[in-house]
Amino acid sequence: MKLGVNIDHIAILREARKVNDPDILNAMYVATLAGADQITIHLREDRRHIDDIDAKNIIRLSSIAVNLECATAITDIVLELGPNRATIVPEKRQELTTEGGLNLSSAELPSSIKAMLEANIEVSLFIDPNLDDIKAAKELGVSTIELHTGNFANAYLMAFSNLSKTKFSIKSLEKQNIKEIFEIELNRLKSAAKFAKNLGLNVAAGHGLNYQNVGYIAKIPEIFELNIGQSIVARSVFTGLNQAIKDMKRLINEA
Ligand code: PXP
């Protein structure tokens with residue numbers, strides 16, 4: 001199974017001071033040498049971390065594939081940048097991170113997908129793990145989907161970590177039978193991956209995956225790639241980026 005390392009959070013640290021430290025290109029080189037199979041970056045509308053110059057340099061200089069997460073609003077920029085893959089995600093200005101899968105009936109999607117495919121950019125759609133969305137993605141003509149693992153990850157945090165005892169607990173999940181929800185979310189991902197693979201789609205997954213929960217998802221045979229950012233960069237504060245990526249690769253390979 002492949003690992004796409006999302007290096008956005010390195011740029012968050014840089015933006016805290018608006019100086020080129022840490023250098024995002026160093027992160028790209030270290031991630032590549034540590035065994036990442038792909039560099040994943042998200043060019044957000046508000047440019048809160050990765051900016052256009054980062055994206056341009058990374059796509060030009062990376063020796064491994066670059067997966068650019070983007071909203072349809074920046075299709076023209078994506079066409080100019082020419083990443084190996086564009087993963088289309090929904091975007092809201094106020095959100096801390098992507099909160100769910102795409103609305104596949106959105107009017108802008110077909111023309112964005114068409115333009116990207118015509119420019120030889122592989123297109124992936126970031127979607128919730130439900131069968132209707134998978135069918136709709138297939139009908140939109142893409143080769144790849146990325147299943148949103150955020151609900152699974154939230155359920156894991158509430159059920160098996162100390163999160164529910166902290167001020168960071170996920171309020172919407174506090175009163176629920178959380179272990180049952182965890183099982184439901186995991187099974188939803190398993191069925192979705194199988195269904196999508198049977199339709200001939202390449203199935204990636206990502207969001208909220210970390211060193212504790214990754215094994216459950218890495219075991220799903222139909223998934224070929226995981227995109228992971230926050231937990232790897234958080235761990236790298238203590239171990240360095242190289243070790244953090246190697247640790248994640250090992251967990252994925254051993255699952
Ligand atoms: N995949 C997609 C489509 C995302 O939007 C993100 C977050 O930018 C990730 C994967 C990585 O999520 P995390 O930082 O929670 O590992």
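Reader: Which residues does Thr40 touch, not counting residues up to four places away in sequence?

Author: This is a predicted model, in which local features need pLDDT of at least 70, side-chain atom pairs count only at pLDDT 80 or more, and totals for chains, interfaces and linings use all residues. Residues are numbered from 1 along each chain as its sequence is written, and side-chain values use heavy atoms, with hydrogens and water left out. With contact taken as heavy atoms within 4.5 Å, Thr40 touches Gly4, Val5, Asn6, Ile7, Asp8, Asn67, Glu69 and Asn227.

Reader: Is Thr40 buried or exposed, and what is its relative accessibility?

Author: Thr40 lies in strand β2; strands (E, at least two residues) and helices (H or I, at least four) are DSSP runs numbered from the N terminus. Buried means under 20% relative accessible area, exposed over 50%, and partly exposed in between, with a 1.4 Å probe and protein chains only. Thr40 therefore counts as buried, its relative accessibility being 0%.

Reader: Which residues are in contact with Asn6, leaving aside its neighbours within four places in sequence?

Author: Asn6 belongs to strand β1, residues 2–6. Asn6 is buried because its relative accessible area is 10%. Beyond those sequence neighbours, the contacts of Asn6 are Thr40, Glu69, Ile228, Gly229 and Val233.

Reader: How far is the backbone nitrogen of Asp8 from a polar atom of the Asn6 side chain?

Author: A polar contact is a pair of N or O atoms within 3.5 Å; within protein, one must be able to donate a hydrogen and the other to accept it, and residues adjacent in sequence count only if both atoms are side-chain atoms. For the side chain of Asn6 and the backbone nitrogen of Asp8, the separation is 3.0 Å.

Reader: Which residues are the closest to the ligand?

Author: A residue is near a molecule if one of its heavy atoms lies within 4 Å of it. Twelve residues surround the ligand. The closest are Glu69, Glu146, Gly208, Gly229 and Gln230.

Reader: What distance separates a nitrogen atom of the ligand from an N or O atom in the side chain of Glu146?

Author: Oxygen atoms of the ligand are also placed beside polar atoms: one is 3.3 Å from an N or O atom in the side chain of Asn6. Another pair joins a ligand oxygen and a backbone N or O atom of Gly208, at 2.8 Å. For the ligand nitrogen and the side chain of Glu146, the distance is 2.5 Å.

Reader: Why do the "binding site" residues Asn6, Arg17, Gly208, Gly229 and Gln230 not all gather at one spot, and how far apart are the farthest two C-alpha atoms?

Author: UniProt lists these five residues in an unreviewed entry; its positions are in the numbering used here, feature names are shortened, and annotations may be inferred rather than shown by experiment. They span 225 residues in sequence, and they do not all gather at one spot because the farthest two C-alpha atoms are separated by 25.9 Å.

Reader: With which residues is Gly229 in contact, leaving aside its neighbours within four places in sequence?

Author: Gly229 sits in the loop between β8 (223–228) and α10 (230–239). Its relative accessible area is 11%, so Gly229 is buried. Outside those sequence neighbours, the contacts of Gly229 are Asn6 and His9.

Reader: The backbone oxygen of which residue is reached by the side chain of Thr149?

Author: Thr149 is in the loop between β6 (144–148) and α7 (150–160). Thr149 is buried because its relative accessible area is 0%. At 2.6 Å, its side chain reaches the backbone oxygen of His207.
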